[in-house]
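Biologist: Please show me the model. I should like to ask how its assignments are justified.

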Amino acid sequence: MKVITKYIVKEVIKVFIMCQFIFILLYLVIDFIQKIDNFVKAGVPFSSTIAYFLYKIPLITDQMIPVATTISVIVVICLMKKNREIMAMKACGLDIFRTFTPAIFISIILSVFSFILSDAIIPFTSSRQNEIWNAEVKKRDPSGLSGSTNIWYKSDNNIYWIEYFDAKSQTMKGPVFYFFNDQFILVKKIKGETGRRVNNRWEIEKAKVQTLAGENDYRFERLDQVSIDIPETPEMFIKKIKKPEDMSYGQLKRHAQKVRAEGYDNTADMVNLYRKLAFPFITAVLALIAIPVGLWEKINGIPLSITIGIAACFLLYLIMGFARAIGLAGVLPPFLSAWTANILFSLAGINLIIYIKK
C-alpha cells in the first residue's frame, strides 16, 4: 500500500469516527430531552431507561453512516487542499481522482457493514427498544396482541375467513371454512357463529355445513357443534405487525412471499425488501458525490463544502422517501422505488467527476 493511500485511509477513518461519535451523542441527547418526561411519569426504572437509549445506538449508527462518510471525505480533501497537498500531488503528476479511490473502497466497506448491522443486529435491538417503550412507558400489552378483523387465510387447498379473531382469548367470531379438492372444487363449507381451540382441534359452535354429495349437488345440515381437525394454530391467525427495521432481510423476504401466497398484495413488503438492500449502499453513492465536491476549486472553504455535502445527503434521503411513497402507491415497480435515488445520484457523481476533470 502506497504512503499516500495509507494517509488518506487513516485520515478518512479518523474523521469518520469523530463524526459518528458527535452525531450519535447529539441524537441521544435530543431524544433523551424529548422523552425523559414520559419515562419519569410512567415510573420506569433507571436501568430500563438507560437500556432503551442504548438499544437505539445501532439504529442511529446505521442512519448516520452515510452522512458521516460524506462529511469525512469532504473534510479530508478540503484540509489537503488547504495544506497545498493536492497541489503537490498534481505537481508530481498524480491522478487526483485515482488517488482518492481508497475513499470509495472505505465507503463500500461501510455499506456492507451497514447492511450487516441492519440485518443482524438492528432487528433485535429495535424490537427490545420498542418493547420497553410499549410495555413500560405506554403500559400496553407486551405481547402486542389484541384482535384482528376480516382475516383471509389460505392453507394448501383450504381457505378460511374470520370476521374477528380475539388474540387474548384465542376465539373466532363468524368463521367460514372452505375446503377444496385438488381440482379446486369446493367439497365442504363450514360457517359458524364462534370457534375455539380445544385439544388441538377447532370447535365450531352453531355451524352450518355444506358438503359435496354429487356433481353440483350439496348436502346442507345445521349442527350445534362441529369439530375441525386442521393444522392451523391460533398464532397463525394473529397478525402481529412488525416494522421493516425490526426484521432481517430473510424475514422480510419470507413475509413478502407468505403475504403473496395468501392472496394479498405484497407491494409494500417488496418495496421494504428492496429498500433493505438499497439503503446501506447510499454510503458509497454519497462518497462518489463527496470526492468531486471536495476537489471543486470553485467551492472555497470547508464550511461551504460540508454544507453542500449535507444538502446532497438531505436531497438523496428526500428522493428515496418520495420514491418509496410512489412505490407503495404502485406507480413505480418495487425495485425502482428502492434504487431510484441511488441510480440518480451515482450518475450525478460520475458527471461531476467528468466535469471537474475537464
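Biologist: Which residue does Gly 214 stand opposite in β7?

Modeller: In this predicted model, Gly 214 stands opposite Asp 217.

Biologist: What makes β6 and β7 a pair of strands?

Modeller: Pairing requires at least two bridges between the strands. Strand β6 and strand β7 (residues 217–228) are joined by 11 bridges, so the criterion of at least two is met. The two strands run antiparallel, and their hairpin has 2 residues between the strands. Within that hairpin, Asn 216 takes a positive phi near 60°.

Biologist: How do you know that β5 also pairs with β6?

Modeller: Strand β5 (residues 194–198) shares 5 bridges with β6, in the antiparallel sense; the cut-off is at least two, and therefore they count as paired. Gly 195, for instance, has Ile 204 of β6 as its bridge partner. This hairpin likewise has 2 residues between the strands, and Asn 199 takes a positive phi near 50° there.

Biologist: What joins β4 to β6?

Modeller: There are 4 bridges between strand β4 (residues 186–191) and strand β6 (residues 201–214), which run antiparallel. By the cut-off of at least two bridges, they pair. Lys 189 has Gln 210 in β6 as its bridge partner.

Biologist: How do you know that the span of helix α1 agrees with its number of residues?

Modeller: Helix α1 (residues 3–42) has 40 residues, and at 1.5 Å a residue it should span 58 Å. Its end C-alpha atoms are 57 Å apart, so the values agree.

Biologist: Where does α1 bend, and by how much?

Modeller: The bend is at Lys 35 and amounts to about 45°. Just after α1, Gly 43 takes a positive phi of about 65°.

Note on methods: Residues are numbered from 1 along each chain as its sequence is written. This is a predicted model: local features need pLDDT of at least 70, side-chain atom pairs count only at pLDDT 80 or more; totals for chains, interfaces and linings use all residues. Side-chain values use heavy atoms; hydrogens and water are left out. The expected span of a helix is 1.5 Å times one less than its number of residues. The bend at a residue is the angle between axes fitted to the seven residues ending there and the seven starting there.
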